[in-house]
Amino acid sequence: MIKLIGAVFILLSTSWAGFEASKYLTERPRQLRLLKVALQSLEAEITYSHTPLHEATRKISKQLQKPVSWFFETFSKKLTEQEISVKKAWEESLNDIWKLTAFKAGEYEILKQFGENLGRHDMMTQQKHIQLALKHLDREETEAVEKQKKYEKMTKSLGFLSGLLLIILLL
């Protein structure tokens, strides 16, 4: 009876681990879509509403889901509460929130490069930088969706099957 209970716990815990690993694969494309929506909103706020950057990012943070909303909220607060350059506020916000996201190094580089140009150019050039960042994020999203399709089911199955293997080895 104790062996059976132990086997059930092993199977549940390894299956749970597989589902947690696959959750990361699901979160990355979702967060990339959110980030693209945020940049499109930023483009609209800058281009059409002529909203100041700190106010535009504050508005955007209220429209989005976490963790992307946290990034824009942090960025807006840094701009309003500190004497800091836009580039430095963007980079610090990126570093503060990065661990809470499912993004990879490619997205970090895209966002870091985008932040270096943010607020330094006229509206038209700024719009071109946003469009460039969106194109790069499209590429990353395509890759993330492909990885999700390819590996999500496998990680779930691997968790379950590794639990079965462990139970067989222990019995």
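This is a guided tour of a predicted model, arranged as a series of selections.

**Helix 1 and helix 2**

Begin by selecting helix 1, residues 2–49, and locate S41 within it. Beyond its neighbours up to four places away in sequence, S41 touches I60 and Q63. Now display G159 as well: 118 residues separate S41 and G159 along the chain, and their C-alpha atoms are 39 Å apart.

Move next to Q63, which belongs to helix 2. Is Q63 buried or exposed? Its relative accessibility is 53%, and Q63 therefore counts as exposed, the cut-off for that class being over 50%. A distance drawn from the C-alpha of Q63 to that of L169 spans 51 Å, for a separation of 106 residues in sequence.

**The loop before helix 3**

Select P67, in the loop that joins helix 2 (53–63) to helix 3. Show the backbone here, since there is a peptide bond to inspect: the one from K66 to P67 is cis, with omega near 0°.

**Helix 4**

Select residues 86–97, which form helix 4. Its twelve residues reach 16 Å from the first C-alpha to the last, close to the 16 Å expected at 1.5 Å a residue. Colour A89, W90, S93, L94 and I97, which are buried residues of this helix. Then turn the view to look down the axis of helix 4: the buried residues fall within an arc of 130°, so they line one face of the helix. To see what covers them, add helix 3 (68–81) and helix 5, which are included in that cover.

**Helix 5**

Keep helix 5 on display. With 13 residues, helix 5 reaches 19 Å between its first and last C-alpha atoms, close to the 18 Å expected at 1.5 Å a residue. Highlight E107, Y108, I110, L111, F114, G115 and N117, which are buried in helix 5. The partners against which the buried residues of helix 5 pack are helix 1, helix 4 and helix 6.

Centre the view on E107, a residue of helix 5. E107 has a relative accessible area of 0% and is therefore buried, as the limit for that class is under 20%. Which residues is E107 in contact with, leaving aside neighbours within four places in sequence? They are R28, L32, W98, L137 and E140.

Continue past the end of helix 5 to G119, which follows this helix and has a positive phi, near 75°.

**Helix 5 against helix 6**

Now select helix 5 (residues 105–117) together with helix 6 (residues 123–170). Their axes lie 10 Å apart, and the packing angle is about 180°. The two helices are therefore roughly antiparallel to each other, a description applied to angles over 145 degrees.

Show side chains at the contact. Helix 5 contributes G106, E107, I110, F114 and N117, while helix 6 contributes Q126, H129, I130, A133, H136, L137, R139 and E140. Coloured by class, this contact has five nonpolar, five polar and three charged residues.

**Further along helix 6**

Finish at K153, which lies in helix 6. Is K153 buried or exposed? With a relative accessible area of 66%, K153 is exposed. As a last step, draw the distance from K153 to A102: these residues are 51 apart along the chain, and their C-alpha atoms are separated by 18 Å.

Methods. Residues are numbered from 1 along each chain as its sequence is written. This is a predicted model: local features need pLDDT of at least 70, side-chain atom pairs count only at pLDDT 80 or more; totals for chains, interfaces and linings use all residues. Side-chain values use heavy atoms; hydrogens and water are left out. Axes are lines fitted to C-alpha atoms, for helices over the stretch in contact, and angles run from 0 to 180 degrees between N-to-C directions. Helices (H or I, at least four residues) and strands (E, at least two) are DSSP runs, numbered from the N terminus. Angles under 35 degrees count as roughly parallel, over 145 as roughly antiparallel, 65 to 115 as roughly perpendicular and the rest as oblique. Contact means heavy atoms within 4.5 Å. Ala, Val, Leu, Ile, Met, Phe, Trp, Tyr, Cys and Pro count as nonpolar, Asp, Glu, Lys and Arg as charged, and the others, Gly among them, as polar. Buried means under 20% relative accessible area, exposed over 50%, partly exposed in between (1.4 Å probe, protein chains only). The expected span of a helix is 1.5 Å times one less than its number of residues. The arc is that of the directions from the helix axis to the C-beta atoms.
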